[in-house]
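Trainee: Could you take me on a close look at one part of this structure? I would like to hear about chain B, its disulfides and its contact with chain A.

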Amino acid sequence: MTKREQRALAAGFITLEDTLHRTEDALANGTVEQALSELQETQHAIAAMQPAEIAVAQAATALGVSEPTVRAWARRGLIDVIRERPMTLAFGTVVDLRRDLQRLRETASSEKRWQSLLAAAADQREFAQDGAREGFADALAGNTEPLTRA
Amino acid sequence: MKYTVTVAARASPRVKALRGKAKDKFWDAVNRLEHEGCAAGHYRMRAPDGSDAHVCGLRFYADWRMHLVFGENNEIVVSWVGQHTDKENPHIDGATDVPEMADIGRPRKDQPPCCDEPDKAPIDQRLVDRINALRPA
């Protein structure tokens with residue numbers, strides 16, 4: 001780490017410390033809006049501090065999956081690759097995926113909500129097939145023809 | 001009760017291109033729709049535009065399916081005909097590594113019948129997109 005990076009990191013931690021302290025104060029005083037605003041500041045501070053890249057092993061730990069899974073997801077474009085050998089990944093895309101995986105795991109804990117989400121995903125795939133959306137639009141617009149058996 | 005079955009203009013060439021067993025089974029399905037309405041459909045789907053449109057899928061032969069849009073006055077429109085390309089493969093590269101999400105890629109359970117009301121629970125589109133991205137291409 002360069003001296004410049006060290007200075008930026010130290011400044012980031014100080015900002016983080018300050019905003020967390022203000023959040024605690026706001027919560028203690030019962031000013032929820034102020035606390036939310038401070039938490040947003042905290043998120044900005046974290047975003048400014050985040051590294052550009054992350055190793056596959058670290059990403060696997062963060063995502064709670066195996067390294068082969070992380071590599072497979074990177075090959076499929078779910079995570080951006082910064083360098084191939086050794087493979088390093090774009091930190092921001094790993095964080096985004098981690099957030100979504102957490103939300104999916106939370107949803108999966110409720111059978112009803114999970115099945116609803118899976119059904120919506122399946123319906124979306126049905127309508128992603130060639131011509132399906134166009135036919136639906138025609139049907140709604142009354143752009144139809146009689147069915148005649150040739 | 002008699003139902004009128006028509007075809008969406010842009011789905012018409014697909015119907016005309018049907019051949020052999022798929023064609024015979026398609027017309028069997030249309031015949032059932034004319035007499036039974038939504039009872040002849042198989043599963044209710046969410047409309048792709050987020051509206052309350054009554055949309056169903058109907059499997060009529062092997063992996064051949066059609067989409068149906070039910071309108072007023074007992075009108076039914078065949079809005080799409082084609083071979084379903086979704087393999088519903090449970091052995092997904094990666095997704096099975098997430099135990100809580102092992103259902104991703106498996107055939108959906110308890111598809112609501114075509115005549116039933118659709119599931120109206122609000123859906124997070126970002127998570128829907130993620131689920132489909134976690135599936136194989």
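Mentor: Happily; here is a walk through chain B, its cross-links and the interface.

A word on conventions comes before the details. This is a predicted model, in which local features need pLDDT of at least 70 and side-chain atom pairs count only at pLDDT 80 or more, while totals for chains, interfaces and linings use all residues. Residues are numbered from 1 along each chain as its sequence is written, chains are lettered from A and ligands numbered from 1 in the order in which they are written, and side-chain values use heavy atoms, with hydrogens and water left out.

Let us begin with the fold. Chain B has 3 helices and 5 strands, arranged along the sequence as β-α-α-β-β-β-β-α. Helices (H or I, at least four residues) and strands (E, at least two) are DSSP runs, numbered from the N terminus. Of its 137 residues, 49% are buried; buried means under 20% relative accessible area, exposed over 50%, and partly exposed in between, with a 1.4 Å probe and protein chains only. The surface that chain B exposes is about 6,900 Å², with 48% of it supplied by carbon and sulfur atoms. Accessible areas here come from the Shrake-Rupley method with a 1.4 Å probe, and for residues only the protein chains shown count as cover. If we take the contacts (heavy atoms within 4.5 Å) between residues of chain B at least 6 apart in sequence, 54% join residues at least 24 apart.

Now to the cross-links. A disulfide is a covalent bond between the sulfur atoms of two cysteines, and the rule used here asks for a pair of cysteine sulfur atoms within 2.5 Å. The whole structure has 2 disulfides over all chains. One joins Cys38(B) to Cys115(B), with an S to S distance of 2.0 Å. Cys38(B) sits in the loop between helix H2 (20-36) and strand E2 (43-45) of chain B, and Cys115(B) in the loop between strand E5 (75-83) and helix H3 (125-134) of chain B, so this pair ties together parts that are 77 residues apart in sequence. The link of Cys38(B) and Cys115(B) is right-handed, with 110° about the S-S bond. Cys115(B) is partly exposed because its relative accessibility is 39%.

A disulfide also joins Cys56(B) to Cys114(B), S to S 2.1 Å. Cys56(B) belongs to strand E3 (residues 54-61) of chain B and Cys114(B) to the loop between E5 and H3 of chain B, so the pair ties together parts that are 58 residues apart in sequence. The torsion about the S-S bond of Cys56(B) and Cys114(B) is about 95°, so this disulfide is right-handed. Both Cys56(B) and Cys114(B) are buried. With bonded cysteines counted along the chain, the disulfides of chain B follow the pattern 1-4, 2-3.

Next comes the partner chain. The contact takes 64 residues from chain B and 52 residues from chain A. Between them, about 5,100 Å² is buried, and carbon and sulfur atoms give 56% of that area. Trp27(B), Pro48(B) and Arg130(B) supply 12% of the area that chain B buries against chain A, more than any other three residues. Buried area means the accessible area (1.4 Å probe) that two parts lose on being put together, summed over both.

Charged pairs cross this interface too. A salt bridge is a side-chain nitrogen of Lys or Arg within 4 Å of a carboxyl oxygen of Asp or Glu, and the rule finds 6 across the interface of chain B and chain A. One of them pairs Glu126(A) with Arg65(B) at 2.8 Å, N to O. The side chains of Arg103(A) and Asp124(B) also meet in a salt bridge, at 2.0 Å, N to O. That pair runs from helix H5 of chain A to the loop between E5 and H3 of chain B. Arg103(A) counts as partly exposed because its relative accessibility is 31%, and Asp124(B) counts as partly exposed at 26%. Salt bridges that share partners also join Asp100(A), Arg126(B) and Arg130(B) into one network.

One last stop is Ala9(B), in the loop between strand E1 (4-8) and helix H1 (12-16) of chain B. Ala9(B) counts as buried because its relative accessibility is 17%. Leaving aside neighbours within four places in sequence, Ala9(B) is in contact with Asp138(A), Asn143(A), Thr144(A) and Glu145(A).
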